[in-house]
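Here are a few short exercises to work through with the structure open beside you. Try each task yourself before you read its solution.

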Amino acid sequence: EGRAGILGLGSRDAVVRVTGIETREDRAVDFLTEVTEKMGAPAKVEAKMGDEAMNVELSGENMGMLIGHHGDTLDALQYLTSLVVNRGAEDYTRVVLDTEGYRDKRAKALAQLAERTAARAIRTGRVALEPMNPYERRILHTTLQDHPRVTTYSEGEEPYRRVIVVRK
């Protein structure tokens, strides 16, 4: 509805601006859609808020390029997406980025590695694994935390921090 001027003279039409509220999921989808296109591996991006984190699933062709060696590229994309999603926010939302079920496959492979490493540590006394990111180290520690014959700890500085498995 317009505003009337003095004595009805000089009336003007009202201007209304409507802006949509961009959700964190929208930010994640927009960011990853643009980045994957620029990487030459365009992906369909779906983001859903879960109880503990925002789960983002990438699908499309050439997803191996987005995973990278031992998930390094996927981890980097997850970190960058987390920065975009949490920019200017008062509370922190954890972002978990996955494609082709890579995270579950990697967790299972790491659990198997932990068991093999425990057997080797029982024979030799001590085994040092290759450097890993905190997520992967946590999987190894968790897998072996109740093992009756070995214990684990981490040593070194990021990004060269590694898990050590020793006989009890």
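**Exercise 1.** At the start of H5, which backbone nitrogen does a side-chain oxygen of asparagine 133 reach? Keep in mind as you look that this is a predicted model.

*Solution.* Begin at asparagine 133 and follow its side chain to the oxygen. That oxygen comes to within 3.1 Å of the backbone nitrogen of tyrosine 135.

**Exercise 2.** List the buried residues of helix H5 (residues 134-144) and work out how they are arranged around the axis.

*Solution.* Step one is the list: Glu136, Arg137, Ile139, Leu140 and Leu144 are the buried residues of H5. Step two is their arrangement: they cover an arc of only 155° around the axis, so they sit on the same side of H5. A helpful reminder here is that an α-helix has 3.6 residues a turn, so residues three or four places apart point the same way. Step three is to find what they pack against: helix H4 (102-124), strand S5 (150-155) and strand S6 (162-167).

**Exercise 3.** Describe how H4 and H5 pack, and name residues that make the contact.

*Solution.* Start with the geometry: the two axes are 9 Å apart, and H4 and H5 pack at an angle of about 50°. Angles from 35 to 65 degrees count as oblique, and H4 and H5 are therefore oblique to each other. The crossing of H4 past H5 is right-handed. Now look at the contact itself: on H4, the residues include Arg103, Ala107, Leu110 and Ala114, while on H5 they include Tyr135, Ile139, Leu140 and Leu144.

**Exercise 4.** Do the same for H1 (residues 24-38) and helix H3 (residues 72-86).

*Solution.* The axes of H1 and H3 come within 9 Å and cross at roughly 135°. That makes H1 oblique to H3. H1 passes H3 in a right-handed crossing. On the H1 side, Arg24, Arg27, Ala28, Phe31, Leu32 and Val35 take part; they meet Leu77, Leu80, Thr81, Val84, Val85 and Asn86 in H3.

**Exercise 5.** Is arginine 27 buried or exposed, and which backbone oxygens lie by the polar atoms of its side chain?

*Solution.* First, locate arginine 27 in helix H1. Its relative accessible area is 18%, and buried means under 20%, so arginine 27 is buried. Next, check the polar atoms of its side chain: the backbone oxygen of valine 85 lies 3.0 Å from one, and the backbone oxygen of valine 84 lies 3.4 Å from one. Finally, leaving out residues up to four places away in sequence, arginine 27 touches Glu22, Val84, Val85 and Arg87.

How values were computed
Residues numbered from 1 in each chain as written. Predicted model: local features only at pLDDT ≥ 70, side-chain atom pairs only at ≥ 80, totals over all residues. Heavy atoms only, no water. Helix = DSSP H or I, 4+ residues; strand = E, 2+ residues; numbered from the N terminus. Buried < 20%, exposed > 50% of the residue type's maximum accessible area, 1.4 Å probe, protein only. Polar contact = N/O pair within 3.5 Å; in protein donor to acceptor, adjacent residues only side chain to side chain. Contact = heavy atoms within 4.5 Å. Arc of directions from axis to C-beta. Axes fitted to C-alpha atoms, helices over the stretch in contact; angles between N-to-C directions. Parallel < 35°, antiparallel > 145°, perpendicular 65-115°, else oblique. Left-handed = near helix turned anticlockwise from the far one by under 90°.
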